[in-house]
Amino acid sequence: MKKQYENTEFDNPLKKVNSDLMWNKTKKQELKKRILVDIENLESNERKKYSISKISKKINVSTFNKRSTLYKRFSLAIVVCLIIVSTFIFTPAFAVIQEVYDKIFSSKHIDDTGVRTAINQGYGQALDQTFYDKKHDITVHFEMVVMDDKETKLLLTYQSKKTNLKNYYLDIFEGDTSINLIVGNVRKILKNVGWGSRYYDSKENKVAEALSFESIKEFEGKDIRLEIENLTIYDDNGASTVHTIWPLSFKLEKSAISKRKIVEINKDFPFRGETYKIKKVEFSALETRVVVTGSDTKLQTDESGVQYRVMSKLEHKFLNARKIDKKYGYIVDDKKSGVFLKSAGEKVEPIFSKGEVEGAKDEYIMIFAPVKDRQDCILEVGDNIKIPLNKSGTIEIQAEGNEEPNINALLAENGFTVEPLSKDEMKEMDLYLEKYPKEFSIDRTVIGKVKNHENSKVLEVSISQTSGILSEVQALNAEDAKIARKESSLSFIPIFLTHD
């Protein structure tokens, strides 16, 4: 299960504002009143600013003010009408209204930068529908739907006065939740795309969800019914199911759909002894996908004929910069190197919440936020490799130097610093290896110890010489790790270099 995160309050409380084209009568009147008040305030300011001096006797002040006021009122009315008309024609809702009801979905509490970017740029179809789950006292508000040809994002909130929603999840990745699509005679269960994004506000006992599932763009112009079936509870007792159905019916409009542009690249580059090929880049309003194959991205087959996938060195590098933040979910650790895009001179971060998104056979997909300039994109792998994502650009590769700095850099990326062993520690290590010579079938040597981690739960660190992959062995807690080291007669945490 994707670990979820919570905070004590929203940036601002969400307000239920109808932003669709078919506003109800009450909200139209409220908007009209606000516009008229603004007009009166502007007129008052204009009168003060352009007041006519009583010295000018030849001018009919009364007539001038009447004409001026009429002109200003007429002009302001035209401006207001033009704003309203242009809003109805070109965007699904007022930008101001979007800012109010979508505040949480455009904030960092949603760890999908694609969702935030799409909302800020005005993409999506407003839904503004509410459903009350009486049995569980949960009020569900469906906010918006936005999609491209790869995935659909359904934005919703749910809140309760009686039921504590802290551990209630809409988990369609590996939980008991599912999303059913009904269109005419078609009925199907929609597959997940990544983990989605969730934020829980304990003060309001309210959850904001950006559910991610397969694209339904093929049903544009048709009446659609979605049924969210069951919630999953994750708590200290494990997982359990809340049996329920949350329905949503709407006509899928063109405004909900973003087009995807595909650019064929077919560029090869080396990384840590492997050869990779960037096949293509896919651009949409929700994401940027870089599709890669490599000498270590191929499916493996075990003795029983079952196929499985091993994480490639490039994937390790991509995930190296991922950090778990208690407040904002998956974010980028700026202290670690990774794989990033640069567009128009600006860094484009990965969308780590779209983990587990698989491509075709032997493909690895890296997903980033939408870019500002699709013509100017560079893939940066660590600090040494820069690949222009076009057919003509030249790949820049800087020498990585000798092996020792690479090992130190790899340790630093994972929060470790290597120190040499003292003479006494070398004796401890010799006794340890002599005592447990048959524990390991692989050849490995000790290259040092971990600095200042004696009170951690780490037992040992290993680096593969051929793959450049770092792994750790950990106890359940620091106390257990201390006991384990004592039993092994080690007073330190060893760092091994394995020779595969």
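**View 1. The whole chain and its surface.** In this predicted model, the chain exposes about 27300 Å² of surface. Carbon and sulfur atoms supply 50% of that exposed area. Now look at what sits inside: of the chain's 500 residues, 45% count as buried. To count as buried, a residue has to have under 20% relative accessible area. If you trace the backbone from end to end, you'll pass through eight helices and 29 strands. Contacts also link parts of the sequence that lie well apart: take the contacts with a separation of 6 or more, and 65% of them are between residues 24 or more positions apart.

**View 2. The hairpin of strand 6 and strand 7.** Here strand 6 (residues 178–183) and strand 7 (residues 186–189) run antiparallel, and four bridges join them. Find Val183 and look across: Val186 in strand 7 stands opposite. The hairpin has two residues between its strands. Check out Gly184 while you're here, as this glycine takes a positive phi near 60 degrees.

**View 3. An open sheet of five strands.** Going across this sheet, the strands come in the order 20-19-22-23-24, and the pairing is antiparallel. Strand 20 (346–348) and strand 24 (396–397) stand at the edges, and each has a single partner strand, so one side of each is left without a neighbour in the sheet.

**View 4. Strands 22 and 23, seen up close.** This view zooms in on two neighbours from the order 20-19-22-23-24. Strand 22 covers residues 377–381 and strand 23 covers residues 385–388. The two run antiparallel, with four bridges joining them. For a pair to spot by eye, try Ile378, which stands opposite Pro388 in strand 23.

**View 5. The second largest pocket.** This pocket has a volume of about 420 Å³. It is lined by 25 residues, and the closest to its centre are Arg309, Glu315, Glu356, Val357 and Tyr364. So much for the middle; next comes the rest of the wall.

**View 6. What the pocket wall is made of.** Which strand gives the largest share of the lining of the second largest pocket? That's strand 21, with five residues. Strand 21 spans 363–368, and helix 5 (313–320) also chips in, with at least two residues of the lining. Sorted by class, the lining has 13 nonpolar residues, nine charged ones and three polar ones.

Technical notes. Residues are numbered from 1 along each chain as its sequence is written. This is a predicted model: local features need pLDDT of at least 70, side-chain atom pairs count only at pLDDT 80 or more; totals for chains, interfaces and linings use all residues. Side-chain values use heavy atoms; hydrogens and water are left out. Two strands pair if DSSP finds at least two bridges between them. On a 1 Å grid over the protein atoms alone, a cavity is a set of points where a 1.4 Å probe fits but cannot get out, and a pocket is an open set with protein on both sides within 12 Å along at least five of seven lines; lining residues have an atom within 4 Å of a point. Grid points are joined across faces, edges and corners, and a volume is the space filled by probe spheres set on the points. Ala, Val, Leu, Ile, Met, Phe, Trp, Tyr, Cys and Pro count as nonpolar, Asp, Glu, Lys and Arg as charged, and the others, Gly among them, as polar. Buried means under 20% relative accessible area, exposed over 50%, partly exposed in between (1.4 Å probe, protein chains only). Contact means heavy atoms within 4.5 Å. Accessible areas come from the Shrake-Rupley method with a 1.4 Å probe; for residues, only the protein chains shown count as cover.
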